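Student: I should like a close look at a single part of this structure, namely its interior. Please give one connected account of the packing there.

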Amino acid sequence: MTGRLEERTAQSLGREVRDEVAAYARMLGEEAGASAVLFYGSNLRTGLLEGVLDFYVLLPGEQREKIWPKVSYREWEHGGETLRAKIATMSLSKFAEAARGDSRDTTIWTRFVQPSALIWSADEAARDRVHRAIADASMTAARFAAALGPASGRAEDYWRALFQATYRAEFRVEKAGREDSILSVNREHFEGLLPQAWEAAGIAFGEDGGQLSPRLTSDERKAILSRWRRRERLGKPLNILRLAKATTTFEGAARYGAWKLERHTGIKLEVTEFREKHPLLAMPGAAWELWRARRRAAKDQR
């Protein structure tokens with residue numbers, strides 16, 4: 001890792017967040033005995049507390065679960081308001097491995113080449129490990145972008161090609177142009193990142209008037225594309241496994257679904273103990289209750 005990328009990564013991860021978010025992260029980290037807690041997503045950019053806050057809780061030791069991360073939803077009463085969070089939990093060692101591109105996973109380095117903040121860590125050693133992992137995520141993403149992007153183009157052309165490829169590989173349903181919105185709302189974050197990441201990754205390139213040209217040898221390009229094709233083949237099955245696992249292990253799924261429903265429709269569903277413990281079994285009853293609620297609402301509007 002070059003000094004420029006290391007300095008940039010530390011500065012980006014050190015961005016300030018609201019006190020409420022910092023308190024939430026501290027609570028999650030200390031409660032889990034974690035090494036570090038990362039904050040990311042639209043609320044990091046906007047500084048708002050509404051909606052759902054997104055956290056990654058990184059644990060010490062080896063990864064216990066084969067299908068990761070473990071996802072949960074939680075509501076926390078703090079300072080007179082309800083803070084809602086979606087929490088992904090995995091080991092720091094597996095997170096670092098995925099960020100380096102050493103696993104077949106594409107989700108970690110794709111997510112964390114985008115803005116995030118390290119807002120709680122157990123100690124300096126853990127903080128340094130996260131800094132290295134996020135810098136590695138930038139290098140991994142930049143390396144694939146060099147091979148997946150055009151022979152020559154602006155930085156956003158390479159990022160755009162990369163995000164489009166990862167969306168296809170990950171079986172994600174994204175609106176057309178999603179990659180453009182990522183680049184536009186995070187313009188300052190991505191400004192100058194690609195050449196610094198290429199430099200750190202040892203990828204030679206030319207630069208002329210804002211046009212970049214990675215100088216990969218034929219063997220280098222072939223090797224990178226071969227690695228990408230292996231990840232592309234496994235991306236959809238892996239994400240389907242994660243979705244299948246989430247249907248039975250997503251802690252707080254019933255509360256999360258009820259909150260989303262009320263927010264988007266105004267219809268409030270009661271989260272019973274049964275629905276909390278057995279969200280799949282409770283779905284038919286919840287659907288019936290929702291249908292009745294919509295019928296009542298429609299009649300009231302007549």
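**A buried helix and the surrounding core**

Tutor: At 5% relative accessibility, S138 counts as buried, and this serine belongs to helix α6. The model is a predicted one. Beyond its neighbours within four places in sequence, S138 is in contact with V113, L193 and A197.

Helix α6, spanning residues 124–148, also supplies the largest share of the largest nonpolar core, namely 12 residues. That core has 53 residues, of which L38, Y56, F95, I108, F112 and W159 touch the most other members. For F112, with neighbours within four places in sequence left aside, the contacts are L38, Y40, Y56, F95, I134 and A137. Apart from this core lies another, of 21 residues, including Y24, F39, L49 and I119.

One of the residues in contact with F112 is F95, and F95 is among the buried residues of helix α4. Helix α4 covers residues 92–99, and 7 of its 8 residues are buried, so this helix is largely enclosed by the rest of the structure. The buried positions are L92, S93, K94, F95, A96, A98 and A99; the list thus includes S93 and K94 alongside F95. What do the buried residues of α4 pack against? Their partners are the strands β1 (36–40), β2 (53–59) and β4 (81–91), together with the helices α5 (107–112) and α6. Just after α4, G101 adopts a positive phi of about 80°.

In soluble globular proteins, nonpolar side chains tend to be buried together.

Definitions and conventions: Residues numbered from 1 in each chain as written. Predicted model: local features only at pLDDT ≥ 70, side-chain atom pairs only at ≥ 80, totals over all residues. Heavy atoms only, no water. Core = buried A, V, L, I, M, F, W, Y, C linked by side-chain atoms within 4.5 Å. Buried < 20%, exposed > 50% of the residue type's maximum accessible area, 1.4 Å probe, protein only. Helix = DSSP H or I, 4+ residues; strand = E, 2+ residues; numbered from the N terminus. Contact = heavy atoms within 4.5 Å.
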